[in-house]
Amino acid sequence: MGELTSLKTLKELMAESSFYFKKDYGQNFLIDGNIAEKIVEIACENNPGLILEVGAGAGALTELAVGMANEVIAVEIDYFCIKMLESALGGYGNLSLIQEDFLKTDIHGLLKEHIQAGKSIGVISNLPYYITSPIILKLLESGIRFCSITAMMQKEVADRLAAGPGSKAYSSFSVAVDYYAQTQKRMVVSRNVFYPSPKVDSAVVTITQRDEKKVKLESEDLFFAVVRSGFGQRRKTLLNSLSAGLGREKAVISKVLGICGIPENERAEKLDMQQFADIANTIALGKF
């Protein structure tokens, strides 16, 4: 079990590195060694040769990952966290620390040599609540084949990942992730095992990319535009939300929905992925 989940050790490192919490980064550090160990064990189930860590923070997962994987690349935006990581883990030859905003990182450039070498790459992260969706979608949309993505996130977001049609948690994010991957909630993590303690509980989720996308599309861009438009104004009917969101006349949307067998007064949260695909494909093919 690592030492970086010790609150005493963490506070000493913070003082040594002049670290201070930044609200904009959503920093909540895991201080339960047993949970950290379980998360890294989950991430290593498929024996990744390389682990890409997104948002290393104070190193609770990083410290354990370097002992379980051949190589770890940890990307962290906060300079002071990097200072803590260098102080605590700088002696590990299999760890590369990169101070960068992951949302601006060229993932292909970062992993190019490893992909060319045929390494199995896994992702691990204690995701900041405010950018969980963009990070997951960036990973899935990258086209890189990861052996798994193991992420701890706000429990509410984890519920959205697993939500289906008719559920209040069902959203455009649910549809997008389901298009690319299968998800499995592995465990719930109490807010009380973080420093400082957040206002909500977390959940650990395993995301595994599909061998084939869930539906066949004429245009992925149009499909996602349809999904975003549908959920963009949840209280409106599909006729109104798609017309406004796609910038098309209601008469056109009415014909498309009729061809797809979907009532005009239906709402996006009732549609499954195939129905969204049918709408997008009908528009793309112009058969209306």
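## A walk through the fold

In helix 3, the residues A60, L61, T62, E63, L64, A65 and V66 are buried. That makes seven buried residues out of the nine in this helix, which spans residues 60-68, so helix 3 is largely enclosed by the rest of the structure. Before going further, keep in mind that this is a predicted model.

Now look for the sheet. Seven strands form an open sheet, and if you walk across it you meet them in the order 4-3-2-5-6-9-7, with mixed pairing. At the edges sit strand 4 (95-99) and strand 7 (181-189), each of which pairs on one side only. On average, neighbouring strands of this sheet are turned by 20° against each other, direction ignored.

Let's start with strands 2 and 3. Strand 2 (residues 50-54) and strand 3 (residues 71-76) run parallel and are joined by five bridges. To find one of the matched pairs, pick out I51: its bridge partner in strand 3 is V72. There's a helix to fit in here too. Helix 7 (residues 155-162) packs on the sheet, where it touches strand 6 (148-154), strand 7 and strand 9 (202-209). The direction of helix 7 makes about 130° with that of strand 6.

Strand 9 deserves a stop of its own. Of its eight residues, seven are buried, so strand 9 is largely enclosed by the rest of the structure. Strand 9 pairs with strand 6 in the antiparallel sense, over six bridges, and here A151 has V205 of strand 9 as its bridge partner. Strand 9 also pairs with strand 7, again in the antiparallel sense, this time over eight bridges. In strand 9, the residue standing opposite V189 is S202.

Next comes helix 8 (residues 172-180), which is mostly covered, with seven of its nine residues buried. Those buried residues are F173, S174, V175, A176, V177, Y179 and Y180. What do the buried residues of helix 8 pack against? Their partners are helix 6 (132-141), helix 7, strand 7, strand 9, helix 9 and helix 12 (273-285).

Helix 9 (residues 220-232) brings us to S229, which is found in it. Is S229 buried or exposed? Its relative accessibility is 9%, so S229 counts as buried, the cut-off for buried being under 20%. Not counting residues up to four places away in sequence, S229 touches S241, L242, G245 and L246.

Let's swing round to the beginning of the chain. T5 lies in the segment before helix 1 (7-16), and T5 is buried because its relative accessible area is 8%. Leaving out residues up to four places away in sequence, T5 touches L30, I31, D32, G33, A36 and A60. That last contact, A60, is one of the buried residues of helix 3.

Two of the residues T5 touches, I31 and D32, are worth a visit. I31 lies in the loop between strand 1 and helix 2, and D32 is found in the loop between strand 1 and helix 2 (33-43) as well. I31 is partly exposed, with a relative accessible area of 24%. D32, with a relative accessible area of 22%, is partly exposed too. Leaving aside neighbours within four places in sequence, I31 is in contact with T5, L7, L10, V193, F194 and Y195. For D32, not counting residues up to four places away, the contacts are T5 and V193.

F194 is a good marker for seeing how the chain comes back on this loop. Although I31 and F194 are 163 residues apart along the chain, their C-alpha atoms are separated by 5.5 Å. For D32 and F194, which are 162 residues apart along the chain, the C-alpha separation is 7.6 Å.

Last stop: the largest pocket, with a volume of about 480 Å³. Which residues lie nearest its centre? They are Y25, G55, E76, N126 and P128, out of the 32 residues that line the largest pocket. Some elements you have already met turn up in its lining: strand 1 (29-30), strand 2, helix 3 and strand 3 each supply at least two residues. Sorted by class, the lining of the largest pocket has 20 nonpolar, eight polar and four charged residues.

How values were computed: Residues are numbered from 1 along each chain as its sequence is written. This is a predicted model: local features need pLDDT of at least 70, side-chain atom pairs count only at pLDDT 80 or more; totals for chains, interfaces and linings use all residues. Side-chain values use heavy atoms; hydrogens and water are left out. Buried means under 20% relative accessible area, exposed over 50%, partly exposed in between (1.4 Å probe, protein chains only). Helices (H or I, at least four residues) and strands (E, at least two) are DSSP runs, numbered from the N terminus. Two strands pair if DSSP finds at least two bridges between them. Axes are lines fitted to C-alpha atoms, for helices over the stretch in contact, and angles run from 0 to 180 degrees between N-to-C directions. Contact means heavy atoms within 4.5 Å. On a 1 Å grid over the protein atoms alone, a cavity is a set of points where a 1.4 Å probe fits but cannot get out, and a pocket is an open set with protein on both sides within 12 Å along at least five of seven lines; lining residues have an atom within 4 Å of a point. Grid points are joined across faces, edges and corners, and a volume is the space filled by probe spheres set on the points. Ala, Val, Leu, Ile, Met, Phe, Trp, Tyr, Cys and Pro count as nonpolar, Asp, Glu, Lys and Arg as charged, and the others, Gly among them, as polar.
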